[in-house]
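Hi,

Here's the structure I promised to pass on. Have a look at it first, and my notes follow underneath.

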Amino acid sequence: EKGGWDSFMDKEIHEDPAAVQRTLLGRLDKNGDLNLDEVRIEEHELKAIDKIIVVACGTAAYAGQVAKYAIEHWVRIPVEIELAHEFRYRDPILTPRTLVVAISQSGETMDTLMALRHAREQGSKVLAICNTQGASIPRESDAVLYTHAGPEVAVASTKAFVAQITAAYVLGLYLAQVKGAMFRDEIQATLDALKAMPRKIQWILDTQAATVRKAAEQLTDAKSFLFLGRHVGYPVAMEGALKLKEIAYTFTEGFAAGELKHGPIALVDEGEPVVFIVPPARGRNVLHAKVISGIEEVKARGAAIIAVAEEGDPDVERYADIVFWRPKCPTLMSPLVDVVPLQLFAMDMAKLKGYDVDKPRNLAKSVTVE
Ligand code: M6R
């Protein structure tokens with residue numbers, strides 16, 4: 001069942017490239033237009049959508065947070081992301097022009113299901129991004145976009161995360177097409193960039209796994225980790241932190257790198273491991289400069305710097321103690337590669353500590369209680 005791997009998590013991380021690829025498959029019709037799987041929403045209703053609220057939990061919520069950056073940029077409508085259990089109980093503002101997007105690997109998460117029921121009761125349309133055919137969440141939604149990651153068995157979500165980002169990007173491009181927010185060739189070029197990602201993820205798996213393993217060996221006994229990122233690197237940092245706490249039982253905190261000076265830097269002491277997601281270095285990327293200055297700040301306080309960064313980034317080479325390299329790609333695509341070494345890192349740490357990586361204590365694969 002594990003196909004030669006010694007854990008499902010190992011197998012599933014190695015299926016990241018295929019998960020992205022399969023989720024993109026068959027999305028274009030013969031006219032070159034994008035298609036979703038099931039859309040029971042009239043075209044004029046989709047055109048009128050003026051706000052998106054993504055509801056999800058855990059890893060699925062981080063995928064939604066990544067998608068916010070892309071969809072707002074492409075479609076030019078506001079995208080909010082909210083944890084499903086918070087959304088349901090705060091009297092959210094919903095109208096028939098709000099599209100609620102429920103993201104769930106299992107399709108059975110009770111918090112997310114309750115949130116979508118609430119949204120529909122208030123007259124909003126709900127679109128599900130789901131990895132499980134016919135599960136409750138897609139069944140109760142107005143439209144469905146399936147992630148084709150294949151069954152995910154390990155409790156820690158890995159390949160579903162990259163598939164969820166891919167599907168949410170397809171949704172963004174679809175809405176851009178329906179609303180005429182982007183030119184056809186821009187949509188095509190973005191899809192091409194997405195299609196190039198499975199190969200880049202594979203490159204990470206082929207070339208960075210040994211470095212990641214060595215890093216885990218060096219850091220096995222670390223008591224805590226901080227994970228920092230900006231822009232799309234922020235939810236990736238949160239996801240990296242979640243993976244490590246979930247299966248290696250290590251205290252981690254993920255936050256926006258810009259927050260450092262507003263409090264968290266007080267935690268940084270000699271030897272504290274701090275993981276930075278560094279944005280692409282090309283051009284005069286202001287985000288890159290900001291993250292590098294964060295690295296300088298914590299380095300000056302003796303932290304051990306672990307960076308996920310673009311191949312050959314000279315600033316990172318100068319400051320980081322350990323680097324997980326990523327191949328060049330556009331900023332909006334970078335989460336699809338950046339999360340991969342963090343998934344491997346969490347798994348290696350858990351294995352080195354002797355834990356069952358597929359079945360961490362206290363956790364269930366699908367959380368069917370509210
Ligand atoms: O099945 P879902 O995507 O709705 O599950 C949501 C979360 O429970 C899930 O992502 C959880 O956070 C994972 N264990 C994270 O690895």
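**Ligand site first**

A side-chain N or O atom of Glu246 sits 2.4 Å from a nitrogen atom of the ligand. The protein covers 90% of the ligand, counted against the 420 Å² of accessible area that the ligand has on its own. Keep in mind while you read that this is a predicted model.

The backbone joins in too. A ligand nitrogen atom is 3.1 Å from a polar backbone atom of Val155, and an oxygen atom of the ligand lies 3.2 Å from a backbone N or O atom of Thr59. Which residues come nearest to the ligand? Out of the 14 around the ligand, they are Ser104, Gln105, Ser106, Thr109 and Glu246.

**How confident the predictor is**

For the complex, the predictor reports an ipTM of 0.98 and a pTM of 0.97. The protein chain has a mean pLDDT of 95, with 99% of its residues at 70 or more.

**Helix H11 and its two ends**

Glu246 brings us to H11, the helix that runs over residues 233–248. H11 has 16 residues and spans 22 Å from first C-alpha to last, close to the 22 Å expected at 1.5 Å a residue. Is H11 mostly covered or mostly open? Mostly covered: 14 of the 16 residues are buried.

The loops on either side each hold a residue with a positive phi:

- His231 is in the loop between strand S7 (224–229) and H11. His231 is not a glycine, yet its phi is positive at about 55 degrees. With 28% relative accessibility, His231 counts as partly exposed.
- Tyr249 follows H11, in the loop that leads to strand S8 (251–256). Tyr249 isn't a glycine either, and its phi is positive at about 50 degrees.

**Cysteines**

I also looked for disulfides, and a search of the whole structure turns up zero. Cys57 is in none, with the nearest cysteine sulfur, that of Cys130, 13 Å away. Why is Cys130 not bonded to Cys57? Because its sulfur is 13 Å from the one in Cys57, the closest cysteine sulfur, and that is too far for a bond. Both cysteines are tucked away: Cys57 is buried at 18% relative accessible area, and Cys130 is buried at 0%.

That's the handover. Shout if you'd like to go over any of it.

Cheers

Definitions and conventions: Residues numbered from 1 in each chain as written. Predicted model: local features only at pLDDT ≥ 70, side-chain atom pairs only at ≥ 80, totals over all residues. Heavy atoms only, no water. Helix = DSSP H or I, 4+ residues; strand = E, 2+ residues; numbered from the N terminus. Expected span 1.5 Å × (residues − 1). Buried < 20%, exposed > 50% of the residue type's maximum accessible area, 1.4 Å probe, protein only. Disulfide = S-S within 2.5 Å. Near = heavy atom within 4 Å. Polar contact = N/O pair within 3.5 Å; in protein donor to acceptor, adjacent residues only side chain to side chain. Areas by Shrake-Rupley, 256 points an atom, 1.4 Å probe, with all protein chains shown as cover. pLDDT = per-residue confidence, 0-100.
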